[in-house]
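Subject: Structure for your review

Dear colleague,

I am handing over the structure we spoke about, together with its sequence. Please have it open as you read, since the notes that follow go through it part by part.

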Amino acid sequence: MFLMGPTASGKTAAAVELAQQMPVELISVDSALVYRDMNIGTAKPDAATLQQAPHHLIDIIDPTEAYSAAQFRTDALHLMGEATARGRIPMLVGGTMLYFNALQHGLSQLPQADPELREELIARAEKIGWPAMHEELQRIDPETAARLQPNDAQRIERALEIFLITRRPMSALLREDKTDRFPYRLLKIALLPSDRAVLHQRIAQRFDLMLEEGLITEVKALRESYDLNPNMPSMRCVGYRQAWEYLEREISHAELREKGIAATRQLAKRQMTWLRGMQDTQHMDCLNANYVECLIHNIRQFALW
């Protein structure tokens, strides 16, 4: 089962409740929760919650490391096999739509990273900026550029790298036959808000809470504990990117809050756009007070098919 939704839609709370009532095994589908010591800015479930409802694929790599959709797919399929062997239902819960897509539909045969080429592209970006790199991508692969933000360094760099290695746009490669189709019967549920303004309010409240709980202190500690730079995937996460800019005195505290909330809203918008375009997906209003009961009903109906 896939339990998907935008940030602040209540996915974790729903998953924890379901884990108390049904034989489900939770597998996190979140590209930020994989990082150790990144707790506040990722809204990571606390220790008590994880003891009550354990999640796989949380705290599995250091912030200096990278974690790909391909690695996620390998790990998730392995964990799903173990869960089903125990007679439990694998429930994949999160908001990283690229991971869900890779898991269900497989992965195209994209070339492996070229470290030297990657360093050259990053060095070029440091000179001309990522928006200019985005313009270059737009000229060679407009389809990929159209779905990326001008400052999405990690994905812009990867798309340019793929083109320079293969001399073909990444969008064309992604349309080709993919490997290893999904081997399970699947129920997909998307938690979507009936009122986007309420979701925006939740996002603002949650970001304010992150600041109160010590997001800036957390990023300071990460910088002291790990050899980080702002181009690493971990530090490109929403909230961490803005806190880094604040610590570098590039923005004020008020701008940190404003930019962090705006970036989170943009993330939620992209997640909802992706979810609304997904086929064979049941949409459920996450603002409905009885949405967990509706989830349980739908899962039980699915189990009877």
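**What surrounds helix α4**

The buried residues of α4 are covered by elements that include β1, β2 (24–29), α3 (69–85), β4, β5 and α13 (253–276). Please keep in mind that this is a predicted model. The helix itself spans residues 97–105, and its buried residues are Met97, Tyr99, Phe100, Ala102, Leu103 and Gln104. After α4 comes Gly106, which has a positive phi, near 85°.

**The sheet**

Several of the strands just named belong to an open sheet of six strands, which are arranged in the order β3-β2-β4-β1-β5-β6 and pair in parallel. At its edges are β3 (55–56) and β6 (282–285), each of which pairs on one side only. Strand β5, made of residues 188–192, runs parallel to β6 and is joined to it by four bridges, and within this pairing Leu192 is placed opposite Asp285 of β6. Helix α14 (residues 291–303) packs on the sheet, where it touches β1 (2–4), β4 (89–94), β5 and β6, and its direction makes about 155° with that of β6.

**The annotated binding site**

Which residues does UniProt list for "binding site"? The entry, which is unreviewed, gives Thr7, Ala8, Ser9, Gly10, Lys11 and Thr12, and two of these residues are described here in more detail.

Thr7 is found in the loop that lies between β1 and α1 (11–21), and because its relative accessible area is 9%, Thr7 counts as buried. Residues up to four places away in sequence aside, Thr7 touches Leu199, Ile203, Arg206, Thr264, Ala268 and Gln271.

Lys11, by contrast, has its place in helix α1. Is Lys11 buried or exposed? Its relative accessibility is 12%, so Lys11 counts as buried, the cut-off for that class being under 20%. When its neighbours within four places in sequence are left aside, Lys11 is in contact with Leu3, Met4, Gly5, Pro6, Val93, Gly94, Gly95 and Leu191. For one of these residues, Gly5, the backbone oxygen lies 3.3 Å from a polar atom of the Lys11 side chain.

**A buried serine in a loop**

Ser234 lies in the loop between α11 (215–225) and α12 (240–247), and Ser234 is buried, with a relative accessible area of 0%. Apart from its neighbours within four places in sequence, the residues in contact with Ser234 are Tyr35, Met38, Pro63, Leu228 and Tyr240.

**The cysteines**

How many disulfides does the structure hold? The count is zero. A disulfide is a covalent bond between the sulfur atoms of two cysteines, and the cut-off used for such a pair is 2.5 Å. The sulfur of Cys286 has its closest cysteine sulfur in Cys294, 12 Å away, and is therefore too far from it for a bond. The same pair results when one starts from Cys294, because the closest cysteine sulfur to its own is that of Cys286, at 12 Å and too far for a bond. As for their surroundings, Cys286 is buried, with a relative accessible area of 2%, whereas Cys294 is partly exposed, with a relative accessible area of 30%.

With kind regards

Technical notes. Residues numbered from 1 in each chain as written. Predicted model: local features only at pLDDT ≥ 70, side-chain atom pairs only at ≥ 80, totals over all residues. Heavy atoms only, no water. Buried < 20%, exposed > 50% of the residue type's maximum accessible area, 1.4 Å probe, protein only. Pairing = 2+ DSSP bridges. Helix = DSSP H or I, 4+ residues; strand = E, 2+ residues; numbered from the N terminus. Contact = heavy atoms within 4.5 Å. Axes fitted to C-alpha atoms, helices over the stretch in contact; angles between N-to-C directions. UniProt positions renumbered as here; feature names shortened; annotations may be inferred. Polar contact = N/O pair within 3.5 Å; in protein donor to acceptor, adjacent residues only side chain to side chain.
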